[in-house]
Amino acid sequence: QVQLVESGGGLVQAGGSLRLSCVASGRTFSAMGWFRQAPGKEREFVAAINWSGGRTTYADSVKGRFTISRENAKNTLYLQMRSLKPEDTAVYYCTGGVLSYTGSYNSHYWGQGTQVTVSS
């Protein structure tokens, strides 16, 4: 059974930092990524990374502030978030999928999500 379990969410003040983690079990993924969904809004792509970590892609809204990485030996995905803003408040979802050479990421497996709240 494939499982993706996120952790590391919480409440942080604007300008602060958080690091999300996601442990995958049941299979490995050639690419993994993060999505988020804010209250009343559609789910949106945040970042994705390929197996080696040599290719990453980010949403414009988080570029320069968020860093995605992975530790394959631990089957773990990370999202380091810095300079957080109130508009980053959302449920963050870990996903496993495929990252194309054009930078397009398609997710196939989803975790349950972890809440990130940024206060102003």
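Which residues does Thr 76 touch, not counting residues up to four places away in sequence? In this predicted model, they are Ser 21, Cys 22, Val 23, Ser 69, Arg 70 and Glu 71. The close-up views below begin with Thr 76.

**View 1. Thr 76 in strand S8.** Thr 76 counts as buried because its relative accessibility is 7%, and buried means under 20%. Its side chain reaches the backbone oxygen of Lys 74 at a distance of 2.8 Å. Thr 76 and Ser 25 are 51 residues apart in sequence, while their C-alpha atoms are 9.2 Å apart in space.

**View 2. Asn 75 and Ser 83, two residues with positive phi that are not glycine.** Asn 75 belongs to the loop between S7 and S8, and its phi is near 50°. With a relative accessibility of 15%, Asn 75 counts as buried. Ser 83 is placed in the loop between S8 and S9, and its phi is about 50°. At 40% relative accessibility, Ser 83 is partly exposed.

**View 3. The disulfide between Cys 22 and Cys 94.** One disulfide is found in a search of the whole structure. The sulfur atoms of Cys 22 and Cys 94 are 2.0 Å apart. The disulfide is left-handed, because the torsion about its S-S bond is about -75°. Cys 22 lies in strand S3 (residues 18–25) and Cys 94 in strand S9, so the pair ties together parts that are 72 residues apart in sequence. Cys 22 and Cys 94 are both buried.

**View 4. The surroundings of Arg 65, a residue in the loop between strand S6 (56–58) and strand S7 (66–71).** Arg 65 is buried, its relative accessible area being 10%. A polar contact of 2.8 Å joins the side chain of Arg 65 to the side chain of Asp 88. Apart from neighbours within four places in sequence, the residues in contact with Arg 65 are Gln 80, Met 81, Arg 82, Ser 83, Leu 84, Lys 85 and Asp 88. Ser 83, one of these contacts, is also shown in View 2 for its positive phi.

**View 5. The largest nonpolar core, with 27 residues.** Trp 34, Leu 79, Met 81 and Tyr 92 touch the most other members of this core. Two or more residues are given to the core by each of S3, strand S4 (31–37), S5, S7, strand S8 (76–81), S9 and strand S11 (114–119). The largest share is that of S3, with four residues. For Met 81, with neighbours within four places in sequence left aside, the contacts are Gly 16, Ser 17, Leu 18, Leu 20, Arg 65, Phe 66, Tyr 92 and Val 116. A second core, separate from this one, has five residues, including Ala 31, Phe 35, Leu 99 and Tyr 105.

**View 6. The aromatic pair of Phe 45 and Tyr 105.** A search of the whole structure gives six aromatic pairs. The pair of Phe 45 and Tyr 105 is tilted, with 6.2 Å from centre to centre and 40° between the planes. Phe 45 is in strand S5 (residues 44–50) and Tyr 105 is in strand S10 (residues 105–110), so the pair ties together parts 60 residues apart in sequence. Phe 45 is partly exposed at 24% relative accessibility, whereas Tyr 105 is buried at 9%.

**View 7. The aromatic pair of Tyr 93 and Trp 110.** The ring centres of Tyr 93 and Trp 110 are 6.0 Å apart and the ring planes are at 70°, so this pair is edge-to-face. Distant parts of the chain are linked here, since Tyr 93 is in strand S9 (residues 90–99) and Trp 110 is in strand S10, 17 residues apart. Tyr 93 is buried at 12% relative accessibility, while Trp 110 is partly exposed, with a relative accessible area of 32%. Together, Phe 35, Phe 45, Tyr 93, Tyr 105 and Trp 110 form one aromatic cluster.

**View 8. Arginines over aromatic rings.** Arg 43 lies over the face of Trp 110, 4.6 Å from the ring centre. Arg 55 lies over the face of Tyr 101, at 4.7 Å from the ring centre. Trp 110 is also a member of the aromatic cluster given in View 7.

Conventions:
Residues numbered from 1 in each chain as written. Predicted model: local features only at pLDDT ≥ 70, side-chain atom pairs only at ≥ 80, totals over all residues. Heavy atoms only, no water. Buried < 20%, exposed > 50% of the residue type's maximum accessible area, 1.4 Å probe, protein only. Polar contact = N/O pair within 3.5 Å; in protein donor to acceptor, adjacent residues only side chain to side chain. Contact = heavy atoms within 4.5 Å. Phe/Tyr/Trp six-rings, centres within 6.5 Å; stacked < 30°, edge-to-face > 60°. Lys NZ or Arg CZ within 6 Å of the ring centre and 35° of its normal. Disulfide = S-S within 2.5 Å. Core = buried A, V, L, I, M, F, W, Y, C linked by side-chain atoms within 4.5 Å.
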